[in-house]
Amino acid sequence: MYPSSLEELIESFKYLPGIGEKTAERMAFAIMDMDEEKIDQFSDSLKKVKETIHRCPKCNSLTDKEECIICSDKSRDNKTLCVVEDPKSVFLFEKLALFKGKYHVLNGLISPLDGVNPDDIDLDKLIDRVKNEEFKEIILAFKPSIEGETTSLYISRMLKDYDVVVSKIAHGVPLGADIDYVDSLTLELALENRKKIVSNN
Ligand SMILES: [Zn+2]
């Protein structure tokens with residue numbers, strides 16, 4: 001029913017998470033009300049984000065530099081490593097300014113039911129970093145879920161012969177909640193109340 005280019009724009013918005021038909025339509029109409037300059041800026045930023053953003057070779061987070069600003073920041077605590085599921089979690093922790101150590105992004109959690117096995121996430125690089133860097137504590141910060149628990153258990157077994165303390169953030173949030181939507185106080189308490197699950201030193 002819409003002219004084809006408008007229909008195409010609506011379909012494009014529907015690629016985004018949580019955007020259904022109605023919202024996509026509203027967004028497409030908002031675009032048509034924008035002036036030329038804003039539209040250029042909008043479409044350029046879409047292209048640019050894909051061209052310039054890549055994974056940090058060290059921690060797997062997203063960056064437009066050779067190495068991300070967290071890895072290259074010498075003032076950060078290089079004795080504590082926070083292991084997270086995806087880059088979104090890094091930005092969330094940073095936004096809340098709760099943590100001053102380094103990060104490692106796994107790119108997923110172990111989930112045999114979904115066909116995600118330990119080999120499918122970046123555990124090799126994690127082990128390399130534990131071997132080669134000076135971490136004293138590894139904090140596992142996953143969402144409270146079966147996958148999060150499975151991954152925590154796997155990593156704690158994997159690291160049990162290394163000279164590091166492995167801890168896990170406490171969960172004051174309901175099982176199944178998405179870590180992105182946890183309020184900052186809950187996350188702060190969870191980080192403060194983390195539990196040691198392997199303690200070799
Ligand atoms: Zn990095």
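The following exercises, each with a worked solution, concern the predicted model shown above.

Residues are numbered from 1 along each chain as its sequence is written. In this predicted model, local features need pLDDT of at least 70 and side-chain atom pairs count only at pLDDT 80 or more, whereas totals for chains, interfaces and linings use all residues; side-chain values use heavy atoms, with hydrogens and water left out.

**Exercise 1. The chain as a whole**

Determine the secondary structure content of the protein chain and the order of its elements.

Solution.
- Step 1. Elements are taken as DSSP runs, numbered from the N terminus: helices are H or I with at least four residues, and strands are E with at least two.
- Step 2. Under this assignment the protein chain has 7 helices and 7 strands.
- Step 3. Their order along the sequence is α-α-α-β-β-β-α-β-α-β-α-β-α-β.

**Exercise 2. Extent, surface and charge**

Characterise the protein chain by its span, burial, contacts, surface and charged side chains.

Solution.
- Step 1. The C-alpha trace spans about 65 × 35 × 35 Å along its principal axes.
- Step 2. Of the 201 residues, 39% are buried (buried: under 20% relative accessible area; exposed: over 50%; partly exposed: in between; 1.4 Å probe, protein chains only).
- Step 3. Among contacts (heavy atoms within 4.5 Å) with a separation of 6 or more, 60% join residues 24 or more positions apart.
- Step 4. The chain exposes about 12300 Å², of which carbon and sulfur atoms supply 53%; the areas come from the Shrake-Rupley method with a 1.4 Å probe.
- Step 5. There are 28 positive and 38 negative side chains, and the centres of the two sets lie 6 Å apart. Lys and Arg count as positive, Asp and Glu as negative, while His and the chain ends are not counted; each charge is placed at NZ of Lys, CZ of Arg, CG of Asp or CD of Glu.

**Exercise 3. The two sides of α1**

Which residues of helix α1 are buried, and against which elements do they pack?

Solution.
- Step 1. Within α1 (residues 4-13), the buried residues are Leu6, Ile10 and Phe13.
- Step 2. These residues lie on the same side of α1 because they cover an arc of only 60° around the axis, the arc being that of the directions from the helix axis to the C-beta atoms.
- Step 3. Ser4, Ser5 and Glu8, on the other side of α1, are exposed.
- Step 4. The packing partners of the buried residues are α2 (21-33) and α3 (36-52).

**Exercise 4. The surroundings of His104**

Is His104 buried or exposed, and with which side chain does its own side chain make a polar contact?

Solution.
- Step 1. His104 belongs to strand β4 (residues 102-105).
- Step 2. His104 counts as buried because its relative accessibility is 0%.
- Step 3. The side chain of Arg129 is the partner, at 3.3 Å. A polar contact is a pair of N or O atoms within 3.5 Å; within protein, one must be able to donate a hydrogen and the other to accept it, and residues adjacent in sequence count only if both atoms are side-chain atoms.
- Step 4. Not counting residues up to four places away in sequence, His104 touches several others, including Asn60, Cys82 and Asp122.

**Exercise 5. Two asparagines with positive phi**

Compare the settings of Asn60 and Asn107.

Solution.
- Step 1. Most residues other than glycine have a negative phi.
- Step 2. Phi is near 75° in Asn60 and near 65° in Asn107.
- Step 3. Asn60 is in the loop between β1 (54-55) and β2 (62-63), and Asn107 is in the loop between β4 and α5 (123-132).
- Step 4. Asn60 is buried, at 5% relative accessible area, whereas Asn107 is partly exposed, at 35%.
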